[in-house]
Amino acid sequence: MLVLGIESTCDETGCAVVRNGKDVLANVVTSQIDLHNTYGGVVPELACRRHVDVVIPVIEKAIKEAGISFRDLDLIAVANGPGLVGALILGVTAAKSLSLALDIPLIGVNHTKAHLYAAIMCAQKEVKFPCLGVVLSGGHTALLEMQRLGEYKLLGQTCDDAIGEAFDKAAKIMGLPYPGGPEIEKLAKKGDHLSYPFRAGTVKQNPLDFSFSGLKTAVVYAVKDRVLTENDKADIAASFQYAAFSDIIKKITLASLDYRTIILGGGVTINQTLREMCLSAFPGYDLIWPSKALTLDNAAMIAGLGYHDFLAKGGDSLELEALPTMAF
Ligand code: KG4
Ligand code: ZN
């Protein structure tokens, strides 16, 4: 079954062609970083307009790269949430138009669940459920029990900033470009992670919940009224990253007792230091993450999960809505 996936939840426009939920024939992503960099973060209205400009060329490029024609497609999958509403509407409208024109079914896919599916798609062997799911992205930080594909129970989530958002905000405070995650990772390599005693928050009601806003405030105070040298910036970046990841490892440790497999997904999991910290913290576990190409926002994970969702529950109608928030 050939599935065309469309991704437009935030500042990436993606289109992919995936066979049977696994074989990626094409995975085209255009980023808007250049557009938002000046503002230090994503400007929703600008994001939406750029999606309008590039969505058709991106779809055409994916079809060409896959070496197929539109008539070969069996299903259109689109990320219909969570995300920026204007950006989502664009992708959903493109998907509906294709479904109608080609007379093939349409399915809406949960973008956050697709980040976890990206890891499953890349797994070398069959994934044994139940497992612990860890979503670390720009919009979400969550621990989930994955009972089977598509059936998840929320164990913990952030009470304030998402982890990627905390990286982006900390970077902005330090005067680094958007997106902040890769900038902090790069700088942190040159710094001493013990030079600032930063800590992420704990949440009394649920030890598996996260809180990163205090950590961000600690960075505000660390830079306040100072002219930072490159060494200072590297030390702050390293200490911030270490505090954030130590907290995540601590909470995965608490949550992972009942599982042997940990599935990680979302843009922040591209961070090499995080991957190394997890490998040394969880030696007896099967750790599964996406390939680099499928870690940041992409449409291959949307087409992949769309295939399984379609087999499980059939397609959606042309009434499919763009949903800025969506539960797991
Ligand atoms: O999953 P994603 O592509 O989009 C969302 O669904 O939100 O995640 C984007 C987030 C951004 O906050 C970005 O700063 C962060 O992932 N990120 C990183 C790295 N690369 C991207 N965070 C830490 N280290 C990185 N190398
Ligand atoms: Zn994402």
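What arrangement do the four donor atoms around the zinc ion (ligand 2) make? The close-up views below, all taken from a predicted model, begin with this site.

**View 1. The zinc ion (ligand 2) and its donor atoms.** The arrangement is tetrahedral, because the four donor atoms around the zinc ion (ligand 2) subtend angles of 97 to 126°, and such a set counts as tetrahedral if all angles lie between 85 and 135 degrees. The protein contributes His-111 and His-115, each through NE2, together with Asp-297 through OD, and these donors lie 2.0 to 2.1 Å from the ion. Along the chain, the donors follow the spacing H-x3-H-x181-D.

**View 2. The two histidine donors in helix α4.** Helix α4 spans residues 111-122 and holds both His-111 and His-115, which are four residues apart, or about one turn of the helix. Both His-111 and His-115 are buried.

**View 3. The packing of helices α2 and α3.** Helix α2 (residues 44-66) packs against helix α3 (residues 85-102) at an angle of about 30°, their axes being 9 Å apart, and the two are therefore roughly parallel to each other. Their crossing is right-handed. Where the helices meet, α2 offers Cys-48, His-51, Val-52, Val-55 and Ile-59, while α3 offers Gly-86, Ala-87, Leu-90, Ala-94 and Leu-98.

**View 4. Val-85 in helix α3.** With a relative accessible area of 43%, Val-85 is partly exposed. Leaving aside residues up to four places away in sequence, Val-85 touches Ala-322 and Pro-324. Asp-286 is 201 residues from Val-85 along the chain, and the C-alpha atoms of these two residues are separated by 36 Å.

Methods: Residues are numbered from 1 along each chain as its sequence is written. Chains are lettered from A and ligands numbered from 1 in the order in which they are written. This is a predicted model: local features need pLDDT of at least 70, side-chain atom pairs count only at pLDDT 80 or more; totals for chains, interfaces and linings use all residues. Side-chain values use heavy atoms; hydrogens and water are left out. Donors are N, O and S atoms within 2.8 Å of the metal (3.2 Å for Na, K and Ca); water is not among the atoms, so sites may look incomplete. Four donors count as tetrahedral if all angles lie between 85 and 135 degrees; four count as square planar and six as octahedral if opposite donors are over 155 degrees apart and all others between 65 and 115; anything else is irregular. Buried means under 20% relative accessible area, exposed over 50%, partly exposed in between (1.4 Å probe, protein chains only). Axes are lines fitted to C-alpha atoms, for helices over the stretch in contact, and angles run from 0 to 180 degrees between N-to-C directions. Angles under 35 degrees count as roughly parallel, over 145 as roughly antiparallel, 65 to 115 as roughly perpendicular and the rest as oblique. A crossing is left-handed if the near helix is turned anticlockwise from the far one by less than a right angle, and right-handed if clockwise. Contact means heavy atoms within 4.5 Å.
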